[in-house]
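User: I am new to this structure. Please take a close look at one part of it and then place that part in the rest of the chain.

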Amino acid sequence: MDSKDFGVAILGFGTVGSGVYELLHGAALPIEAKYAVRFHVYKILVRRPGAIRAKPVPPGLLAKGISEILADPRVDVIIEVMGGESPAREHILESLKAGKHVITANKKLLGACGDTIAEQARAAGRFLGFSGAITGCHQLCPSIARSVMIRSLMGIFNGTSNYILTRMEAGQSFADALAEAQRRGYAEADPTEDVDGIDSRNKLAIMTKLAFGKLLDPREIPTTGIRQLSATDMTFARELGFAIKLLAVSRMLEGQRLYASVRASLVPLEDPLAGVQGAHNGIQIYDALRGAQAMLAPGAGSQPTAMAVFHDLISLARGEPNLWPPPTTRDRAEPIHLVKVPSPGEYYVRMNAKNHPGVLAAITRIFAQGQINLANVLQKGAAGAATIPVVLLSGPVEEAAINTAVKKIQATGDVDSCVLARVERLQERN
Ligand SMILES: NC(=O)c1ccc[n+]([C@@H]2O[C@H](COP(=O)([O-])OP(=O)(O)OC[C@H]3O[C@@H](n4cnc5c(N)ncnc54)[C@H](OP(=O)(O)O)[C@@H]3O)[C@@H](O)[C@H]2O)c1
């Protein structure tokens, strides 16, 4: 069988771009032997052509600008791995207009305008691949995109924050775990996007689109991160039978209501996501027809992301259709709307309370006044200490009731800091 040839241009030659080039160049022979395809990289675009890099751009491939790439008839597919919203958006739209296929790893851009890009790809009859934008879960995407009865999905979509939480489970403070993640190259100097849940919510927007057909505005998704947690929380949670993870959740409720959030949450220890360690990612889906499905995988980095991009290249070579769902008729007839308040659930509350007789009774009394059942109460600490941690696990309750109780307790002056986290189970309890 003759091999098919594809001309490639890579926009960006950083962590991902150089990884894609190394894979296509270094593994060209096994790729051709297995898939009967040859990928030729003809052009590479960077922002600072003269910069000295750990991995230099191969000689002769540096493009002067996007126009040179668009005008090159040898280039069939553009791989956008430069990041940011602009000019990535313009480059992608111009590439589609010029008849090129597009593969992107840009989760921020897809979260912001994935529908527009997908619509243009469809109108132009061109392939749009985006596995690199959801590296750790991309192999499950075809199944998610083709399902019809997904009820909920829960994911650990950010390897950096999961690495930090894993180190905190081993007893490190948040600050020490973050410093270690930065030393190992998992976290940027400014870790905001990772530890405050912003990266996770961009990926949640994409996964929610695949599962439910609706592209949420990521900025509308209620999002909190992991900065408020301490190693003590990890220990208490484990004692109660849970791990704490930065969880991205979306769940279809009755009446076209879609709940979505990114927040530190308690996951039962028997849940596959509780076992996601270090910089890995994981996803779990509940489908009314197929039951539960889960997948754990490396979520980022040069090689895993290059492999996700390669997955798209093979889909393109095989003539597979685009996975990004078209606007749903269901959403057009009766729009799906985002719900920011979750259904009743169980909550973990940790407070640092003044160590005086009766403090625990005073706290539990306020919960009782709010009609909140407590499933577990833990009070630990040294006898003579000025403050002691008090941990409560509620039964199913509205989040507003928990917030009211916590505010009342804080108003007594008996407690200072307070950590609140929701228990997330794949299937909601009725
Ligand atoms: N890193 C990961 O593990 C990972 C995982 C999944 C998805 N992604 C996504 O992949 C994309 C790239 O990430 P990365 O980590 O590879 O970034 P990176 O290491 O910062 O590399 C970005 C590359 O894009 C080039 N670039 C940036 N702006 C440009 C512009 N205006 N014009 C031309 N070139 C430009 C840069 O040029 P210079 O070299 O001249 O600065 C650099 O080569 C992002 O969308 C990211 O979210 C990354």
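Analyst: Helix H12 covers residues 302-317, and at 1.5 Å a residue its 16 residues should span 22 Å. The C-alpha atoms at its ends are 22 Å apart, which agrees. The expected span is 1.5 Å times one less than the number of residues. Helices are DSSP runs of H or I with at least four residues, strands are runs of E with at least two, and both are numbered from the N terminus. The model is predicted, so local features need pLDDT of at least 70 and side-chain atom pairs count only at pLDDT 80 or more, while totals for chains, interfaces and linings use all residues. Residues are numbered from 1 along each chain as its sequence is written.

Buried residues in H12 include Pro 304, Ala 306, Val 309, Phe 310, Leu 313 and Leu 316. A residue is buried if 20 or more other C-beta atoms lie within 10 Å of its own, exposed if 12 or fewer, and partly exposed in between, with C-beta atoms placed from the backbone. Asp 312 of H12 is also buried. Just after the helix, Gly 319 takes a positive phi of about 75°.

Val 309 leads from the helix to the chain's interior. In the largest nonpolar core, which has 123 residues, Val 309 is one of those that touch the most other members, as are Ile 10 and Val 20. Such a core is a set of buried Ala, Val, Leu, Ile, Met, Phe, Trp, Tyr and Cys residues joined through C-beta atoms within 7 Å. In soluble globular proteins, nonpolar side chains tend to be buried together.

Leaving out residues up to four places away in sequence, Ile 10 touches Val 20, Val 41, Ile 79 and Val 81, among others. Contact means that the C-beta atoms of two residues, placed from the backbone, lie within 7 Å. Val 81 sits in the loop between strand S3 (77-80) and helix H4 (88-97). Val 81 is buried because 26 other C-beta atoms lie within 10 Å. With the same sequence neighbours left out, its contacts include Leu 11, Gly 12, Ala 105 and Gly 132.

Gly 12 is also among the closest of the 24 residues that surround the ligand, together with Gly 14, Met 82, Gly 83 and Ala 300. A residue is near a molecule if its C-beta atom, placed from the backbone, lies within 6 Å of it.

For the protein chain as a whole, the secondary structure comes to 15 helices and 15 strands. Buried residues make up 44% of its 430 residues.
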